[in-house]
Amino acid sequence: MVLSHLTSAEREPEEASLRKLIGLIAACLVLSAGAAVADEVGKVGVDWVGNDIMIDAIKDPKVDGVTCHVAYFDRSIIDRLHKGNWFEDPSDSSISCRQTGPITIGDIDMSEGGEEVFKQGLSLIWKKQVVNRIYDRKNETLIYLSHSRQVQNGSAKMSVTTVPLYGQNVVWTKGKPQ
C-alpha cells in the first residue's frame, strides 16, 4: 500500500488502520509468548513524522512486587514508507526495574543464563525485544537485561538494571537458595 499520493487528510485514516493492524499483530505475538504482558504507560512523540518512544510496564510473572519499565522506539508509517523497511523497529531499548510492593519469589531459573520474562516482536518474524531475569546469588540481586534477539546479525544494543534483595523482607516460595 503506497500512501504518498494521498493528501494528509486522506492518509490519516489509512495510517490509523495500519497502526491498529501492526498493534494487533504485536499483541498476538506478546500474548502467544506465555511470558509477562506489557501495559503501555507512556508514549512520547519524537518528530513530525509520528515516530514515538513507547514506555511499557512489565510485572515479573514469577517475582511479585517487581515492575520493570521498558522504553523502545516505535517507527511511524511515514518513516516506514520513507526508509522502505516496513516490518522492523530499531533494536534500541532501555529498562529500569524497581520494587513496587512486597517481594515474593516463585520458582525462578537459577542458572547463569536466567530466564526470559518478556518478549515482543520488533519485526514481523525475525527480531524480538527480550527481557531476561538472572539471579545473582552472591550479591542477592535480581538482574534484568533488555536486548534484542535476531536470527542473524545479532545486536550488541542492551540495557541492564538490578533489584537488590539484600536487607529486604523477601518471601521465597521454594525456600531461599543457598
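**A network of salt bridges and a disulfide**

R133 and E115 form a salt bridge in which the closest N and O atoms are 2.8 Å apart. The two partners come from distant parts of the chain: R133 belongs to strand β6 and E115 to strand β5, and they are 18 residues apart. The model is a predicted one, and this pair is a convenient place to start reading it. Side chains of opposite charge can pair when their charged atoms come close. For a salt bridge, the nitrogen and the carboxyl oxygen must be within 4 Å. The 2.8 Å between R133 and E115 falls within that 4 Å limit, so the pair counts.

Are the two partners of this bridge buried or exposed? Both R133 and E115 are buried. The relative accessible area of R133 is 2%, and that of E115 is 14%. A residue counts as buried when its value is under 20%, so both of these residues qualify.

R133 has a second partner. D60 also forms a salt bridge with R133, and here the closest N and O atoms are 2.7 Å apart. This pair again links distant parts of the chain, with D60 in the loop between β2 (52–59) and β3 (63–74) and R133 in strand β6 (residues 127–136), 73 residues apart. D60 is buried too, at a relative accessible area of 4%.

E115 has a second partner as well. It forms a salt bridge with K62, with 2.9 Å between the closest N and O atoms. E115 lies in strand β5 (residues 115–121) while K62 lies in the loop between β2 and β3, so this bridge ties together parts that are 53 residues apart in sequence. K62 is not buried: its relative accessibility is 34%, and it therefore counts as partly exposed.

How do these pairs fit together, and which residues are linked in the network? D60, K62, E115 and R133 are linked in a network of salt bridges. The path can be followed on the structure: D60 pairs with R133, R133 pairs with E115, and E115 pairs with K62. The count for the structure comes to four salt bridges.

The surroundings of E115 deserve a further look. Apart from residues up to four places away in sequence, E115 touches K62, D107, I108, D109, V131, N132 and R133. Two of the names in that list are already familiar, K62 as a salt-bridge partner and R133 as another. D109 comes in through its backbone: the backbone nitrogen of D109 lies 2.7 Å from a polar atom of the E115 side chain. With a relative accessibility of 14%, E115 counts as buried because the limit is 20%.

The next link is a covalent one. How many disulfides does the structure hold? It holds one. The disulfide joins C68 to C97, with an S to S distance of 2.0 Å. C68 lies in strand β3 and C97 in strand β4, so the disulfide ties together parts that are 29 residues apart in sequence. The torsion about its S-S bond is about 105°, which means that the disulfide is right-handed. Both ends are buried, C68 with a relative accessible area of 3% and C97 with one of 1%.

The strands that carry the two cysteines are also paired with each other. Strand β3 and strand β4 (residues 93–105) run antiparallel and are joined by nine bridges. Within this pairing, T67 stands opposite R98 in β4. Strand β4 has another neighbour, strand β9 (residues 171–172), with which it pairs in the parallel sense over two bridges. There T104 stands opposite V171 in β9. Strand β4 thus takes part in an antiparallel pairing with β3 and a parallel pairing with β9.

It remains to place these details in the whole chain. The protein has two helices and nine strands. From the N terminus on, the order of the elements is α-β-β-β-α-β-β-β-β-β-β. Of the 178 residues in the protein, 37% are buried, and D60, C68 and C97 are among the buried ones. Counting contacts between residues at least 6 apart in sequence, 50% join residues at least 24 apart. The accessible surface of the protein comes to about 10,300 Å², and carbon and sulfur atoms account for 55% of this area.

Methods: Residues numbered from 1 in each chain as written. Predicted model: local features only at pLDDT ≥ 70, side-chain atom pairs only at ≥ 80, totals over all residues. Heavy atoms only, no water. Salt bridge = Lys/Arg side-chain N within 4 Å of Asp/Glu carboxyl O. Helix = DSSP H or I, 4+ residues; strand = E, 2+ residues; numbered from the N terminus. Buried < 20%, exposed > 50% of the residue type's maximum accessible area, 1.4 Å probe, protein only. Contact = heavy atoms within 4.5 Å. Areas by Shrake-Rupley, 256 points an atom, 1.4 Å probe, with all protein chains shown as cover. Pairing = 2+ DSSP bridges. Polar contact = N/O pair within 3.5 Å; in protein donor to acceptor, adjacent residues only side chain to side chain. Disulfide = S-S within 2.5 Å.
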